[in-house]
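I opened this entry to work through how the secondary structure elements are arranged. The notes below follow the order in which I looked things up.

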Amino acid sequence: MKIPITPVMVTGSTGYVGGVLVKQLLKAGLTVHCPVRDPAKESKLQHLKDLDGSEKLKFFKADLLTKGSYLEPMKGCSVV
């Protein structure tokens, strides 16, 4: 499967499986959109920010219970 160059969005990026996926996507040189409940909560994001290629990470405030909150993180993404 060929992965497109456009950004991809990973839900659950702060969890174990999501974090492993983010690491692999960054290693492939992709920009990764990470919707999280609170992008200001550094303690939940630091393990991702410490990854090689983390300059290609973009964090967005999103919550499944908030209608429309995933629209911005999904914008421009070819894969979710």
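I began with the helices, keeping in mind that this is a predicted model. Helix 1 lies across strand 1, strand 2 and strand 3, and I noted an angle of about 155° between its direction and strand 2. Helix 2 also packs on the sheet, where it touches strand 2 and strand 3; its direction makes about 160° with that of strand 3.

Next I looked up the sheet. It is open, has three strands in the order 1-2-3, and pairs in the parallel sense. Strand 1 and strand 3 stand at the edges with a single partner strand each, so one side of each has no neighbour in the sheet.

I then took the pairings in turn. Strand 1 (residues 8-9) joins strand 2 in parallel over two bridges. Val8 has Val32 of strand 2 as its bridge partner. Between these two strands the chain passes through helix 1 (residues 16-27), and I recorded this β-α-β crossover as right-handed.

Strand 2 and strand 3 (residues 57-61) run parallel and are joined by five bridges. In strand 3, Lys58 is the bridge partner of His33, and Phe59 is that of Cys34. With helix 2 (residues 42-49) these two strands make a right-handed β-α-β unit.

Last, I asked how many residues of strand 2 are buried. For strand 2 (residues 32-36) the count is five of five. Val32, Cys34 and Val36 point one way, while His33 and Pro35 point the other way. My closing remark on this strand is that side chains in a regular strand alternate between the two faces of the sheet.

How values were computed:
Residues numbered from 1 in each chain as written. Predicted model: local features only at pLDDT ≥ 70, side-chain atom pairs only at ≥ 80, totals over all residues. Heavy atoms only, no water. Buried < 20%, exposed > 50% of the residue type's maximum accessible area, 1.4 Å probe, protein only. Helix = DSSP H or I, 4+ residues; strand = E, 2+ residues; numbered from the N terminus. Pairing = 2+ DSSP bridges. Right-handed = clockwise from strand over helix to strand, strands pointing away. Contact = heavy atoms within 4.5 Å. Axes fitted to C-alpha atoms, helices over the stretch in contact; angles between N-to-C directions.
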